Amino acid sequence: MKSFSEILKQITGPNQAAGAACLARWDGLAKPLGSLGLLETSLARIAAVTGSPEITLDQRTLLVLCADNGVVAQGVTQCGSSVTASVARALAAGESTVCHMARCARCRVIPVDMGMADFPPTPGVSDRRVRNGTADITQGPAMTRAECVRAIELGAELVRECREDGASIIATGEMGIGNTTTSSALTSVLLGKSPAEVTGRGAGLSDAGFARKTAAIERAIKRSCPDPSDPVDVISKVGGLDIAGLCGVFLGGALYRVPVVIDGFISGAAALCAARLRPGAEFAMLPSHVSAEPAGGLMLEALGLSPLISAGMRLGEGSGAAAVLPLLDMALAVYHSGQTFGRLGIDAYVPQ
């Protein structure tokens with residue numbers, strides 16, 4: 001397994017020639033230039049990651065990173081931490097919401113235990129535990145810096161293993177009660193926004209619960225003073241193990257040349273951390289949807305990415321990432337169709 005420093009040092013940039021060749025093929029197809037919009041540029045992005053315009057997405061893997069967050073003790077969620085484990089077991093059994101969506105998208109689902117509270121080894125759940133849940137961020141750092149780095153390394157290692165198993169694209173998801181609180185805290189620090197600007201109601205908080213959530217984020221930031229120029233410091237102080245692991249998955253995508261699909265708010269926060277740790281690593285990231293959480297659009301904007309879907313989704317589990325895969329299938333059906341201007345006997349469009 002590569003060390004954190006090796007991961008950052010060994011990431012290179014996109015293959016611009018492969019991306020350009022993909023766009024040239026699009027321009028040769030019998031349709032107005034650029035008329036499939038983000039579907040065209042998404043495939044070009046994939047080509048630039050893999051280094052080839054011959055794109056196949058036959059093997060898809062959704063990594064759902066699961067962890068518990070000590071900040072739940074502050075009444076920032078509608079349900080308790082035990083729900084994290086319940087959903088993880090449902091993921092392993094193929095019965096959670098995203099599993100039904102993933103079957104439609106021909107995508108396997110792998111739940112990963114990064115640090116669920118008191119979670120025993122469970123068939124179907126990959127064990128990458130770093131610690132037994134995080135500490136309450138209102139009382140001090142969520143984890144040590146070393147634990148955060150370890151989680152990032154494990155996330156990158158997951159990508160390497162998926163690639164060796166034949167994965168051609170990786171989708172990201174998470175499960176962790178309280179993780180919209182940690183993601184809002186991260187976003188507040190990294191984007192220089194007030195907690196009120198980037199905090200939503202998560203799974204459905206009341207007005208009182210929302211007030212507790214915002215206040216908890218304010219206390220956490222004030223207590224630990226995370227350094228916005230140091231994403232590891234930010235994750236370790238106000239983040240979570242799921243976010244740290246996902247940050248590693250995004251870095252691993254850039255390192256091992258596998259396109260990685262961003263889901264929503266939580267994985268978007270992790271993607272932003274990855275891009276801040278290794279500027280340019282976002283070349284391997286594919287956006288799926290814009291989350292209904294207040295900061296969903298802000299994070300994509302900071303990454304310079306445009307979502308393919310705007311459906312008001314806020315479920316988590318990787319549901320948005322799974323939902324975008326059929327759109328990519330449709331793009332590939334056209335891309336590989338061979339319906340060129342010459343074949344159809346019509347004049348090609350030219351830039352005006």
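This is a short talk on the sheet, the salt bridges and the enclosed and open spaces of one predicted model.

Some ground rules. The model is predicted, so local features need pLDDT of at least 70, side-chain atom pairs count only at pLDDT 80 or more, and totals for chains, interfaces and linings use all residues. Residues are numbered from 1 along each chain as its sequence is written, and side-chain values use heavy atoms, with hydrogens and water left out.

Let's start with the sheet. Helices and strands here are DSSP runs, numbered from the N terminus: H or I over at least four residues for a helix, E over at least two for a strand. Two strands pair if DSSP finds at least two bridges between them. The sheet is open and has six strands. Their order is β3-β2-β1-β4-β5-β6, and the pairing is parallel. Which strands stand at the edges? They are β3, residues 126-127, and β6, residues 285-287. Each has a single partner strand, so one side of each is left without a neighbour in the sheet.

Look at the β6 edge. Its pairing with β5, residues 260-262, is parallel and runs over three bridges. Val260 has Met285 of β6 as its bridge partner.

Now the salt bridges. I count a side-chain nitrogen of Lys or Arg within 4 Å of a carboxyl oxygen of Asp or Glu. There are 13 in the structure. I also sort residues by relative accessible area: buried is under 20%, exposed is over 50%, and partly exposed is in between, with a 1.4 Å probe and protein chains only.

Take Lys31 and Glu40. Their closest N and O atoms are 2.5 Å apart. Both residues are buried.

Next, helix α6, residues 145-164. Here Glu157 and Arg160 form a salt bridge, 2.5 Å from N to O. How far apart are Glu157 and Arg160 in the helix? Three residues, which means about one helical turn. Glu157 is buried, at 9% relative accessible area. Arg160 is partly exposed, at 21%.

A third pair is Arg201 with Asp207, at 2.9 Å from N to O. Asp207 counts as exposed, at 58% relative accessibility. Arg201 is partly exposed, at 35% relative accessible area.

Then there is a network. Arg60, Arg106 and Asp329 are joined into one by salt bridges that share partners. Arg60 brings us back to the sheet: its place is in β1, residues 60-67. Arg60 is buried, with 4% relative accessibility. Its side chain also makes polar contacts, meaning N or O atoms within 3.5 Å; within protein, one atom must be able to donate a hydrogen and the other to accept it, and residues adjacent in sequence count only if both atoms are side-chain atoms. One such contact joins the side chains of Arg60 and Asp329 at 2.3 Å. In addition, a polar atom of the Arg60 side chain lies 2.7 Å from the backbone oxygen of Ala105.

On to the spaces. The search uses a 1 Å grid over the protein atoms alone. In a cavity, a 1.4 Å probe fits but cannot get out; a pocket is an open set of points with protein on both sides within 12 Å along at least five of seven lines. Lining residues have an atom within 4 Å of a point. Points are joined across faces, edges and corners, and a volume is the space filled by probe spheres set on them.

How many cavities of 30 Å³ or more are there in the whole structure? Three. The largest has a volume of about 40 Å³. Its lining includes Ile262, Asp263, Phe265, His289 and Met299. Helices α12, residues 265-277, and α13, residues 296-303, each supply at least two lining residues. α13 gives the most, with three.

The largest pocket holds about 560 Å³. It is lined by 31 residues, and Asn179, Thr180, Ala203, Arg314 and Leu315 are the closest to its centre. α4 (82-93), β4 (169-175), α7 (179-191) and α12 each supply at least two residues of this lining. So α12 turns up at the largest cavity and at the largest pocket.

One last span. Ala21 sits in helix α2, residues 16-28, and is partly exposed at 33% relative accessible area. From Ala21 to Gly209 is 188 residues in sequence and 51 Å in space, C-alpha to C-alpha.
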